[in-house]
Amino acid sequence: MTVLPDDGLSLAAEFPDATHEQWQRLVEGVLRKSGKEVSGTAAEDALSTTLEDGLRTRPLYTARDAAPDAGLPGFAPYLRGGRPEGNIAGGWDVRQRHTALADDAVLADLENGGTSLWLVLGEGGLPVAGLPRALDGVYLDLAPVVLDAGRDTEAAAGALLRLYAERGVAAEAVRGNLGGDPLGYEARTGTALDTAPYAALAARCAETYPGLRALTVDALPYHEAGGSAAQELGASLATGVAYLRELTGAGLSVEQAAGQLEFRYAATADQFLTIAKLRAARRLWARVAEVCAAPGAQVQHVVTSPVMMSRRDPWVNMLRTTVATLAAGVGGADAVTVLPFDHALGLPDAFARRIARNTSTILIEESHLARVIDPAGGSWYVEHLTDELARAAWEFFRSIERDGGQAAVLRSGRLRTDLATTWAERSKKLAKRREPVTGVSEFPLLAEKPVEREPAPEPPSGGLPRVRRDEAYEELRARSDAHLAATGARPRVFLATLGPAAAYTARATFAANLFQAGGIEPVTEGGFEDSGATEAVLCSSDALYAEQAEQAAESLRAAGARHVFLAGRGEYAGIDSYVFAGCDAIDVLSATLDRMGVS
């Protein structure tokens, strides 16, 4: 027993320590009031949340939830960070992404908080011939450059290296990544590339440019295809191992080959899962490196998730990317790219780029997030989640290796099937609003003026799909927009409230949010005849439903209602369908638009 000195800060010292069993009994009491008779560990299980990959988060973590020793920052297994000093010196690398030649955009980013550049070239980006213009005025010995050129990587790398030579940048001062990722390109397009040129670039970098890497292990294609965190990690490990085999086969040492890789992951608004993912990724790669006798930590470039970016109410994306960036920083990312809030709409404007830059700047300079190394370390929850996620990802990685490796599972279609299965399950949660999307499936604003941007270059396609959380709701909203353009009004539904405000407000608010998510305008004023609607929703309490629902439904039908909903559950005569928390909103809204003739 440890005796603390008497410093006058006794806090709760006069109270006896609460035991885990006492807490469980309190939980049992609460659940009993809600009609659940459970006890002991079953009570905790009732409050647990099931995640993808078979993971479960429990309501309480204690010292009994042991995880493997996390080690020290900068030492294997690098779970607590790849460097002993973390990002304390200057924060993480603020890496801005560019896909088009916008006036002064590159220099504006570097002069206002950006510390490196991520240039998309060739398909879906800048022309390779435009690279000198894009880097005009950039001090190449100070600003690292990362390329993303797909099948044009060899040409883009050659152009960049010539530019370094022309501007007199010393080989040892060159920093960045040439972005070779043949398996990532195959995942995006379905087209296999010869790996020999990438191995040659890696050999050239290892020999001549000690600060330049040749290859990127990009896990975004798997994340954007709907993959889970474990699938994203497992696929990245398999890709990294495949590149190690190619590079060592081309004559590089294992240490040189490992030093040529940088890993790219997605950060989502699920902050704890993102933190755990980045920590687990370093631990997993450390295990691969240990087996290969290749010392060194995984270098991580983290990008805020394109999957979570909404097209409706895009301003909310600022909040999502802020949480994701915080998670990336806490998770120990070496470089972070914050996608502008209008990323899903086209080319970002100067304001959006500024907000994206400032997101990192505020977290580093004002919130001092980088001044603490591995701030999540020691949390029983985070350590346990990291361990569980690492084990799930390792099993997925091993399954890929058993099936012949990353290239084999891409070409056989097995990986596509695995990712599609995961996304189908997640889509059910999105449809039922178990995973809410603020501004889209929850609290939509029908009167919002659309944010318009210039179209962005079309990214490479033909391989794995690109999914978005908002896609099913976006289709419904697009139908409503077309109806508005054609008729001058949106489809409408009448909210028929029964009783006093205290009885109907909660369900009326629920129904209004639900129907607006599909672009259907709720009408609450006046009577049904004056609403311009063809369908109605009864909103009230269960007690009033028992007394008035059937008669109210008859009155609505007499007034011309073709379909009568009831907000809640039950069985009442005259009610066609029910809407309630957990119902399939996409099915309800799609069927409603169909009945209304909204194509």
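Buried here means under 20% relative accessible area, exposed means over 50%, and partly exposed is whatever falls in between. All the views below come from a predicted model.

**View 1. Strand S9, buried on both faces.** Strand S9 covers residues 300–304, and 5 of its 5 residues are buried. Side chains go both ways: Gln300, Val302 and Thr304 point to one side of S9, while His301 and Val303 point to the other. Look next door for strand S8 (residues 261–267), which runs parallel to S9 and is joined to S9 by 5 bridges. To get your bearings along the pair, find Ala266, which sits opposite Val303 of S9.

**View 2. Helix H6 and what packs around it.** H6 runs over residues 182–189, and 8 of its 8 residues are buried. Reading along the helix, you pass Pro182, Leu183, Gly184, Tyr185, Glu186, Ala187, Arg188 and Thr189. Charged side chains are part of that buried set too, with Glu186 and Arg188 on the list. The packing partners of these buried residues are strand S6 (176–180) plus four helices, namely H7 (196–208), H8 (220–224), H9 (229–249) and H15 (406–412). Just past the end of H6, Gly190 has a positive phi of about 80 degrees.

**View 3. The second largest pocket, with a volume of about 790 Å³.** Its lining takes in 33 residues, and those nearest the centre are Thr268, Asp270, Leu273, Arg426 and Glu435. Strand S1 (49–50) and helices H9, H11 (271–292), H14 (380–402) and H16 (414–431) each give two or more residues to this lining. H11 provides the largest share, at 3 residues. If you're thinking about the chemistry of the wall, the lining of this pocket splits into 12 nonpolar, 10 polar and 11 charged residues.

**View 4. The largest cavity, with a volume of about 180 Å³.** Searching the whole structure turns up 4 cavities of 30 Å³ or more, and this view shows the largest of them. There are 19 lining residues, with Gly86, Asn87, Gly329, Gly332 and Asp374 nearest the centre. Helix H12 (residues 317–331) contributes the largest share of this lining, 3 residues. By class, the wall of the largest cavity has 7 nonpolar, 7 polar and 5 charged residues.

**View 5. The second largest cavity, with no charged residues in its lining.** This one has a volume of about 50 Å³. Around it you'll find Asn317, Met318, Thr321, Val338, Leu339, Pro340, Phe341, Ala352, Ile355, Ala356 and Thr359. H12 and helix H13 (350–366) each supply at least two of the lining residues, and H13 gives the most, with 4. The class count for the second largest cavity is 8 nonpolar and 3 polar.

**View 6. Glu28 in helix H1.** H1 spans residues 20–33. Glu28 counts as buried because its relative accessible area is 12%. Leaving out residues up to four places away in sequence, Glu28 touches Val38, Ser39, Gly40 and Ala43. Arg468 is another story: between Glu28 and Arg468 there are 39 Å, C-alpha to C-alpha, and the two are 440 residues apart in sequence.

**View 7. Backbone oddities in the loops.** Most residues other than glycine have a negative phi, and most peptide bonds are trans. Ala76 and Pro77 are joined by a cis peptide bond, with omega about 10 degrees. Pro77 belongs to the loop between strand S2 (56–57) and strand S3 (93–98). His368, in the loop between H13 and H14, has a positive phi near 55 degrees. For Arg433 phi is positive as well, near 60 degrees, and its loop lies between H16 and helix H17 (471–487). Which of the two is buried, and which is partly exposed? Arg433 is buried, at 11% relative accessible area, whereas His368 is partly exposed, at 34%.

**View 8. Cysteines without a disulfide.** The disulfide count comes to 0. Cys583 isn't in one, and the nearest cysteine sulfur, which belongs to Cys539, is 13 Å away; a disulfide would need the sulfurs within 2.5 Å. With a relative accessible area of 8%, Cys583 is buried. Cys292, on the other hand, is partly exposed, at 31% relative accessibility.

Key
Residues numbered from 1 in each chain as written. Predicted model: local features only at pLDDT ≥ 70, side-chain atom pairs only at ≥ 80, totals over all residues. Heavy atoms only, no water. Buried < 20%, exposed > 50% of the residue type's maximum accessible area, 1.4 Å probe, protein only. Contact = heavy atoms within 4.5 Å. 1 Å grid on protein atoms, 1.4 Å probe; cavity = no way out; pocket = protein on both sides within 12 Å on 5 of 7 lines; lining within 4 Å. Points joined across faces, edges and corners; volume = space filled by probe spheres on them. Pairing = 2+ DSSP bridges.
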